[in-house]
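Trainee: Could we go through this model together, beginning with how far it can be trusted?

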Amino acid sequence: MQVESGPKCLTGALRVPKTEKPMQVRAKKALGQHFLTDLSIARRIAETIDQYKGLPVVEVGPGMGVLTQYLLEAGHDVTVVELDEESVDYLRVNFPQLEGRIVFDDFLKLDLRTIVGDRQFVVIGNYPYNISSQIFFKVLDYKDQVVCCSGMLQREVAQRLAAGPGSKAYGILSVLLQAWYDGEYLFTVDEHVFNPPPKVKSGVIRFTRNQVTELGCDEKLMRTVVKSTFGQRRKQLRNSVKALVPKDSPVLGLPVMNMRPEQLSVRQFVELTNTIAATRDNQP
């Protein structure tokens, strides 16, 4: 779902729309666009990153700038990333202060270092429903630079990202994000404050980088373990990790193997990953 948001820097090398000032951007279903109309909510979302003034802010999918305006008003160093040509045209005309800071590109394919270099930065947006999980996976790729990721997405997904062990909502991205970030579900947004209104409620979340610099395990293997176990979340771990350990490995008899993935904390997933790695190292 795209609402008003935006990131930083670029229009020259990319196509520049040629149309005159549009009065309205049409919401496009293919892009998951639902434009936020309640300005008080836009302001509240912008305020979730007040403590990061001075850092570059990359806004994803700014649309007609409903969130962008409050980020600029607060003095943030904003660059907007927008895939919709009509929205880019609207922003260029109505937000001249964004000149040189409108990136006409696909956020998921963009090398964010072309915007921020090696600096730390913040990601914010009213994220398209259909790519919101992918956006957070991309944030993980830049975890050493992204100090905060905040914004609005489908409520069910927002709750899932912030869920803890023992919750039915707890899943793959919950574990991987919370290994590096402290997550908060901030508030719910009703359907009627969008044009067109979505069929579901939205939720606003904020993830703040924690102090972890090393997980203490093979990160690539941990991703595999987390995805494998939640891929069979109703099964005990001994069934879902069979393909990751040698046949008839004694590891499968450990007490932890009686558990299901939603019962494990991040730390327990790290320990499980190290246990599995040890079985591989000991293979003849």
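The questions below move from confidence to the sheet and then to one side chain.

Mentor: This is a predicted model, in which local features need pLDDT of at least 70, side-chain atom pairs count only at pLDDT 80 or more, and totals for chains, interfaces and linings use all residues. Residues are numbered from 1 along each chain as its sequence is written, and side-chain values use heavy atoms, with hydrogens and water left out.

Trainee: What pLDDT does the chain average?
Mentor: The term pLDDT is the predictor's confidence in each residue, from 0 to 100. Over residues 1-22 it stays under 50, although 86% of the residues score at least 70. The chain average is 88.

Trainee: Which strands stand at the edges of the open sheet?
Mentor: Strands are DSSP runs of E with at least two residues, helices runs of H or I with at least four, both numbered from the N terminus, and two strands pair if DSSP finds at least two bridges between them. The seven strands follow the order S4-S3-S2-S5-S6-S9-S7, with mixed pairing. Each edge strand has a single partner strand, so one side of each is left without a neighbour in the sheet: these are S4 (102-104) and S7 (181-189).

Trainee: Is serine 87 buried or exposed?
Mentor: Serine 87 lies in helix H3, and its side chain makes a polar contact (a pair of N or O atoms within 3.5 Å, one able to donate a hydrogen and the other to accept it; residues adjacent in sequence count only if both atoms are side-chain atoms) with the side chain of aspartate 84 at 2.7 Å. Buried means under 20% relative accessible area, exposed over 50%, and partly exposed in between, with a 1.4 Å probe and protein chains only. Because its relative accessibility is 0%, serine 87 counts as buried.

Conventions
Contact means heavy atoms within 4.5 Å.
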